[in-house]
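Let's take a walk through this model together. Have the viewer open and follow along.

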Amino acid sequence: RDLFDILRRGCRIRVGGGVRIGGGDSTMVLCANRQKSLAMGGFPSAVVASSLNCYIVRSPEITTGIPLLDAEGNNVLPGDTSQVAAKRGVHSTTLSRALLQAPVYLVPPMLIAIPFKRFVTMHP
């Protein structure tokens, strides 16, 4: 596979997955509370899209492996790569991409709801 094929496949999967997750969440909760379901539909979609994008783009590293370096940056196994280290690196990066979405979606509503609510009611 070439790089263009990997990127094209990744784009299809992350957009499709994000739309399916967001649409599924919105329709499941649609009857209960339409406004909240539409507002929170973006969070799982963003998590899925970001994680899939990261995994798809970085997954070729698992098959090729990555060089192992010591603290000074010297190659520990010259001419050899580690697939185990590559797999751990790809998985931890993908997880961090998923977790990085939480502050973007959760902190602003908390800031508005807790401290600023009193300020806004006192100073309309």
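T64 sits in helix α4, which covers residues 60–64. Buried or exposed, what is T64? With a relative accessibility of 52%, T64 counts as exposed, because the cut-off for that label is anything over 50%. T64 also has a partner from further along the chain to look at: its C-alpha atom is 6.8 Å from that of Q83, although the two positions lie 19 residues apart in sequence terms. Bear in mind that this is a predicted model, so every number here is computed from predicted coordinates.

Now zoom out for a moment. What is the secondary structure made of? Seven helices and zero strands, so reading along the sequence you get α-α-α-α-α-α-α. Of the 124 residues in the protein, 19% are buried. The accessible surface adds up to about 8900 Å², and carbon and sulfur atoms own 67% of that. As for how the chain meets itself, take the contacts with a separation of 6 or more: 55% of them link residues that are 24 or more positions apart.

One helix pair is worth a slower look. Two packed helices are described by the angle between their axes and the distance between the axes. Here the pair is α3 (residues 42–58) and α6 (residues 101–113), whose axes come within 9 Å and cross at roughly 165°. That angle makes α3 roughly antiparallel to α6, because angles over 145 degrees get that label. The handedness is on record too: α3 passes α6 in a right-handed crossing.

Which residues make the contact? From α3 they are G42, F43, A46, V47 and S50, and from α6 they are Q101, A102 and Y105. Sorted by character, the residues of this contact come out as five nonpolar, three polar and no charged.

Q101 is a good place to finish, since it belongs to helix α6 and takes part in the contact just described. How exposed or buried is Q101? Its relative accessible area is 17%, so Q101 counts as buried, the cut-off being under 20%. Setting aside its neighbours within four places in sequence, Q101 is in contact with F43, A46, V47 and S50. F43, A46, V47 and S50 are among the α3 residues that form the contact with α6. So you can put the two residues side by side: Q101 is buried at 17%, whereas T64 is exposed at 52%.

Key. Residues numbered from 1 in each chain as written. Predicted model: local features only at pLDDT ≥ 70, side-chain atom pairs only at ≥ 80, totals over all residues. Heavy atoms only, no water. Helix = DSSP H or I, 4+ residues; strand = E, 2+ residues; numbered from the N terminus. Buried < 20%, exposed > 50% of the residue type's maximum accessible area, 1.4 Å probe, protein only. Contact = heavy atoms within 4.5 Å. Areas by Shrake-Rupley, 256 points an atom, 1.4 Å probe, with all protein chains shown as cover. Axes fitted to C-alpha atoms, helices over the stretch in contact; angles between N-to-C directions. Parallel < 35°, antiparallel > 145°, perpendicular 65-115°, else oblique. Left-handed = near helix turned anticlockwise from the far one by under 90°. Nonpolar A, V, L, I, M, F, W, Y, C, P; charged D, E, K, R; others polar.
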